[in-house]
Amino acid sequence: MINLIWKYIIKNYKKNLALITVLAISICVVFANATAKKSQLEYIKDVLAKNRPKAEVIYNNLNLEQISKISKNKDVDSYTKVRTYGVVTYSNRLTEDLIEFDQKYFEQYNLTLVEGRLPINKNEVIVFEDFFKLMNLKIGQKINIEGYNKFKNKEKSVDVENYKLDVKVVGYYTCPEVMKTFFIDSSIMLARGEYDIVKNISYKGTIDFKEGLKPYIASMKLSSDLNVNSDHIYIDNTHARIKEEEARLFSDKDSMDWAFMVLGAFMTMNIISLMASQISREQGLLRVIAMSKRRILLFEFMRNVFLLFVSVVLGLIMGLPLSRIFTRFFSYSSIDISMAHATISYDWVCMKNVVILLALVMMLSVAIPSIKVLSNTPIQQYKGLKNNVWGRFTNNLVNNIFSEITNRLLVTSILKQKVFLVVSSVIIVFAGHTYVHNYSFPTYWKIYISPLERSFRDYDIRLSQDRFVDNFRTGYTSDDVKKISSIGGVKDVFARSNSEAYMYVKPNQLSDQYKAQRLLDDNFDKGEIRFDLLGMPKKLIQDFINKDNVLERGHLPSDKAENGIVEALVYNTFYLKMDERGNFKVIKNLSIGDIINLRIENYNKKTGKISYQNQKFKVVGLLDDIWGSFFDTEAFVPDILVDSKAYAKITGSEYMSRVEIRTRDKSDIKRVFKGVKNFLGYKQFFKAETLEGIIDDSEWYHRIAKKRDFVTTLILFALAITNIIVGIILSFYMRKNEYGSLLSLGMRRRTLKSICIKNTVLVVIPGIVGIYLWSLRDAIFEFESVKMCAMQQGIPFNEYLYIPWCNLLAFTLVCIMCMLVAGFILAKKIDKINIMDMINSIE
C-alpha cells in the first residue's frame with residue numbers, strides 16, 4: 001500500500017506539488033499570523049504586569065464614612081487610602097494634585113524614587129520627575145504652592161477652600177517608562193501630618209477585590225452600595241486597555257486569518273475538482289486489477305493524509321521564521337510597546353484549527369469522486385462512463401439547444417468543469433474584495449466619524465495646553481492673540497476660555513435616559529449636573545452658526561449682563577450608549593427664556609483666591625445636536641456657551657485656554673506655525689498642533705495595520721493570479737485525451753483554440769462581475785453606516801455613494817492580463833500537440 005501511494009505521488013508530482021504548495025502557504029501564513037498575535041499580547045501583558053498599578057480598581061474623592069464601608073465590604077480583599085488636598089499651582093504655572101504620601105500607595109503604582117529621599121517630616125514633598133525638571137527645581141529647595149480644594153458644603157453644593165503652603169522638595173520620583181503613555185498619578189506627595197489650613201479632606205486610593213471576582217462587576221456593585229457613580233470608582237485604565245486588546249485580538253480571527261483559511265480551502269477544492277475525473281479513473285483501474293473497494297478508500301485516505309502531513313511540515317518550516325518577522329514588524333496591538341525583544345509564543349491551537357479545516361476540505365473533495373466506487377462498475381469508472389438519467393438529460397438538452405458542434409463542445413466543457421469554474425470565480429471575488437475593500441472608504445468621510453477631524457473644523461493651527469495648568473492663573477492672553485494676528489498669512493484668530501459650572505436639580509427635572517446613564521434613582525433630594533462653561537467671542541459663535549448651523553433656535557447671547565443675569569446658549573444633549581442608543585436631553589422641558597441657576601468658578605485677582613458663586617443665566621438659544629461633534633468634551637457633560645466678554649466678567653478670568661488659527665492659504669501653514677512658535681514657544685504649557693500632525697501621531701497603529709493589510713493583499717493577489725493561470729493550464733492537461741480525439745476526428749487547431757479561449761473567459765469574467773457586485777454592496781453598507789453616524793451626531797450628510805472605480809479597474813485589468821497570458825500559453829500548447837501522443841496520454 002505504501003509503495004503504491006509513493007508511486008502515485010511521484011507519477012502525479014506536478015498536480016500534488018500544486019496541492020501541497022497551496023496547503024503549506026495557507027498553514028504557514030495563518031500559523032505565523034496567530035503566533036505573532038499571541039506573542040505580542042503575551043509580551044504586552046508581561047511588560048505591563050511588571051510595571052502597571054497592582055490594583056485594578058481606583059477610587060477618588062470619597063469621605064471617611066464611605067471608606068469605612070469599603071473596609072467592611074465582604075468582596076474587598078485590601079485597599080489603600082491617602083488624603084487628598086485638592087490641586088495646587090506652583091509659580092502660577094503648572095498645577096498638580098496634592099496628596100498624602102503613603103508607602104503602600106506608592107508601591108501600588110510601581111513608582112520609584114529617582115533622587116533624594118521620601119518625605120518624612122512635615123511640609124516635605126516629593127514631585128514627579130517631569131514637574132521637577134520642567135520647573136528647574138533642586139533637592140532641598142523650598143517653594144510656595146497655592147492650593148484650592150473642592151468640597152461639598154452644608155447645602156451639598158460644590159464649594160472650594162483656598163490655601164498657601166510652604167514646602168520643601170526632598171526628592172523626585174518617576175514611573176516605569178512604558179507607563180508614561182497611560183494616565184499615571186503624577187501628584188505632589190506631601191509627608192503625613194495634620195495640616196490645619198485644609199479643613200475639608202477627601203480620600204483616594206486603590207482597591208483589590210477577592211480572587212475570583214470580576215473587577216468591573218464588583219466595582220459597579222460597590223458604587224451602588226456607596227451611592228456614587230463612575231466618577232468616583234472606576235477600573236484602572238491600564239487593566240481596561242489590556243482586557244480590550246485581549247478581547248479584540250482573540251475574540252475573532254482577523255482578516256489575514258480568514259483570508260488565507262478561506263482561500264486555501266477554495267484553492268484546495270479547486271485543484272482536487274480538476275483531478276476528480278482522473279482520481280475516479282485511477283480508482284476504476286485499481287478495481288479492474290482486483291483491489292477491493294475498502295482498500296481503494298483506504299488508499300485515498302492514506303494518500304491524502306500523507307499529502308496533508310507534508311503540507312503541515314512545510315507550513316511549519318516556513319511559518320517559524322515568518323512568525324518572527326510578523327512579531328517584530330507587524331503591530332497587532334494599539335498599545336505602543338516595542339516588540340524587539342518579544343518572546344515567540346507559538347499558537348498551536350490555531351495551527352490545529354486550520355489543519356482540521358483544510359483536512360476536511362481535502363477529504364470532502366476526494367470523497368465526492370470516490371462515491372463512484374460504490375455506484376459504478378470498475379469498467380464504467382475507468383472509462384468515465386455515465387449511467388445516470390441526469391447525464392443523458394443534459395446531453396440531450398445541449399444537443400437540442402445548440403446546433404453547432406463548437407458550441408456543444410464549449411457547453412459540455414463548462415458542465416464538466418462546473419466546480420472549477422464556480423470555485424475560481426469565488427477565489428477571484430475573494431482576492432479582489434480583499435484588495436478593493438482597502439479603498440472603499442474615501443478619506444474625506446472621516447469628518448463624519450472622527451471627532452478629532454470634525455472638531456478641527458477648517459482651522460489650520462490649534463494652540464492648547466501641554467500641561468495641567470490653572471486656567472485662572474495662566475493661559476493665552478489678548479496680547480498673544482494680537483501677536484498671532486500680526487503674523488503674515490494669518491486670516492482669522494479665535495480664542496476661547498472654559499471652566500466648570502454646576503447645576504442642582506430635582507429628580508423630575510432630569511430625563512429618564514440621563515438618570516439611567518448616571519446610575520441615579522428618584523430617591524435623591526438634589527442632583528448635580530456638571531456643565532462645561534465656555535466663553536467665545538461673538539465672531540466665533542457667528543462663524544459656527546453660519547458655517548455649521550449649530551443654533552437650533554434662538555439668537556446670539558449678549559456680552560452684557562442685565563440685573564446680574566447673563567444670556568447663554570445651552571447644549572442640553574448627551575449621547576446614550578446603553579440599551580437605547582442616540583441623543584437624548586439632559587434636562588427635561590428646557591426652553592428659551594428659562595432662567596437657570598449655576599454655581600460657577602470665580603477668580604479674585606486681588607486676593608488670588610478661587611471661589612464658587614451662584615450665577616443666573618437666561619437661555620436665549622438652544623444648540624443643535626451637531627454641536628457635540630465639534631468638541632471632544634465628556635459625553636455626559638452638557639455645555640453652556642456665553643460671550644467671551646461676559647465670561648470674563650462673571651469668572652474674573654483674563655486667560656484663554658485654546659486658540660484656533662485660520663490661514664489665508666494652505667501654503668502659509670508652515671510659516672505661520674513657525675511664527676507662532678517664535679512668539680509663544682517660551683510658555684511652559686505651550687502646545688501647537690496642525691490637523692495633519694495630530695492625525696499622523698494618532699494613526700501610527702493604522703499605518704502599521706495598513707502595512708499588514710498590504711502584505712495580505714499582495715500574497716492573496718499572487719495566489720489568485722496563480723490560481724487563474726495554473727488552473728486553466730491544469731484543466732487543459734486534464735482533458736488532453738479529449739482534445740486529442742477531437743483533433744484526430746478533423747477539428748482544426750484554430751477551432752480548438754477558440755473553444756479553450758472562450759472557456760478561459762468564462763473562468764475569469766464571472767469573478768470580475770462578482771467583485772463589482774460585492775463592491776457595490778460594500779459601498780451601500782459604508783454609505784449607510786457613515787450616514788447613520790453623521791445623523792446621530794446631527795451632522796448634515798450630503799455625500800453620494802462612493803465606489804472605488806480606479807481600483808476596480810486596476811483589478812479587472814490584472815485579471816484580463818492573466819486571462820490573456822493563460823490563453824497565449826494554451827495556444828502555444830495546442831500548436832505543439834502531437835495527436836497520437838495525446839490519444840495515448842503520453843506527455
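Is Glu 129 buried or exposed? In this predicted model, Glu 129 is buried, because its relative accessible area is 13% and a residue counts as buried under 20%. The side chain of Glu 129 nevertheless meets that of Lys 133 in a salt bridge, with 3.0 Å from N to O. Both residues belong to helix 5 (residues 129-134), where they stand 4 residues apart, about one turn of the helix.

## Overall make-up

The protein has 843 residues, and buried residues make up 51% of them. It contains 29 helices and 24 strands. Among contacts between residues at least 6 apart in sequence, 81% join residues at least 24 apart. The accessible surface comes to about 41,300 Å², and carbon and sulfur atoms account for 57% of that area.

## Salt bridges

Side chains of opposite charge can pair when their charged atoms come close. The structure holds 27 salt bridges, and three of them are set out here.

| Pair | Closest N to O distance | Location |
|---|---|---|
| Glu 129 and Lys 133 | 3.0 Å | helix 5 (residues 129-134) |
| Asp 225 and Lys 221 | 3.8 Å | helix 6 (residues 215-226) |
| Glu 660 and Arg 462 | 3.4 Å | strand 23 and strand 12 |

The pair in helix 6, Asp 225 and Lys 221, is again spaced 4 residues apart, about one turn of the helix. Asp 225 counts as partly exposed, since its relative accessibility is 40%, and Lys 221 counts as partly exposed at 42%.

The salt bridge between Glu 660 and Arg 462, with its closest N and O atoms 3.4 Å apart, is of another kind. Glu 660 lies in strand 23 and Arg 462 in strand 12, so this pair ties together parts that are 198 residues apart in sequence. Both Glu 660 and Arg 462 are buried. Elsewhere, salt bridges that share partners join Arg 457, Asp 458, Asp 492, Lys 539, Asp 543, Lys 547, Asp 548 and Arg 662 into one network.

## Two helices with a buried face

Helix 23 (residues 669-680) has 12 residues, which at 1.5 Å a residue should span 16 Å, and its end C-alpha atoms are indeed 16 Å apart, in agreement with that expectation. Within helix 23, the residues Ile 669, Val 672, Gly 675, Val 676 and Leu 680 are buried. Viewed down the helix axis, these buried residues fall within an arc of 130 degrees, so they line one face of helix 23. The face turned away from the buried side carries Lys 670, Lys 674 and Asn 678, which are exposed. The buried residues of helix 23 pack against strand 12 (461-465), helix 19 (478-485), strand 13 (490-505), strand 23 (658-663) and strand 24 (686-689). Strand 23 and strand 12, both in that list, are also the strands that hold Glu 660 and Arg 462 respectively.

Helix 3 (residues 64-72) can be described in a similar way, with Gln 66, Ile 67 and Ile 70 as its buried residues. Seen down the axis of helix 3, they fall within an arc of 100 degrees, so they line one face of the helix. On the other side of helix 3, Glu 65 and Lys 72 are exposed. The cover over the buried residues of helix 3 includes strand 1 (57-62), strand 2 (76-79), strand 10 (202-209) and helix 6, and helix 6 is the element that contains Asp 225 and Lys 221.

## A buried loop residue and a surface patch

Tyr 109 sits in the loop between helix 4 (103-108) and strand 5 (112-116), and it is buried, with a relative accessible area of 11%. Apart from neighbours within four places in sequence, Tyr 109 is in contact with Asn 51, Pro 53, Ile 58, Asp 185 and Thr 206. Tyr 109 and Ile 184 are separated by 75 residues in sequence, while their C-alpha atoms are 8.2 Å apart in space.

At the surface, Phe 309, Val 313, Leu 314, Ile 317 and Met 318 form a nonpolar patch that together presents about 450 Å² of accessible area. One of these residues, Ile 317, is found in helix 10 (residues 293-329), and Ile 317 counts as exposed because its relative accessibility is 53%, where the cut-off for exposed is over 50%.

Technical notes:
Residues are numbered from 1 along each chain as its sequence is written. This is a predicted model: local features need pLDDT of at least 70, side-chain atom pairs count only at pLDDT 80 or more; totals for chains, interfaces and linings use all residues. Side-chain values use heavy atoms; hydrogens and water are left out. Patches are made of residues with over 30% relative accessible area and no salt bridge: like charges are joined within 9 Å, nonpolar side chains (Val, Leu, Ile, Met, Phe, Trp, Tyr) within 5 Å. Accessible areas come from the Shrake-Rupley method with a 1.4 Å probe; for residues, only the protein chains shown count as cover. A salt bridge is a side-chain nitrogen of Lys or Arg within 4 Å of a carboxyl oxygen of Asp or Glu. Helices (H or I, at least four residues) and strands (E, at least two) are DSSP runs, numbered from the N terminus. Buried means under 20% relative accessible area, exposed over 50%, partly exposed in between (1.4 Å probe, protein chains only). The expected span of a helix is 1.5 Å times one less than its number of residues. The arc is that of the directions from the helix axis to the C-beta atoms. Contact means heavy atoms within 4.5 Å.
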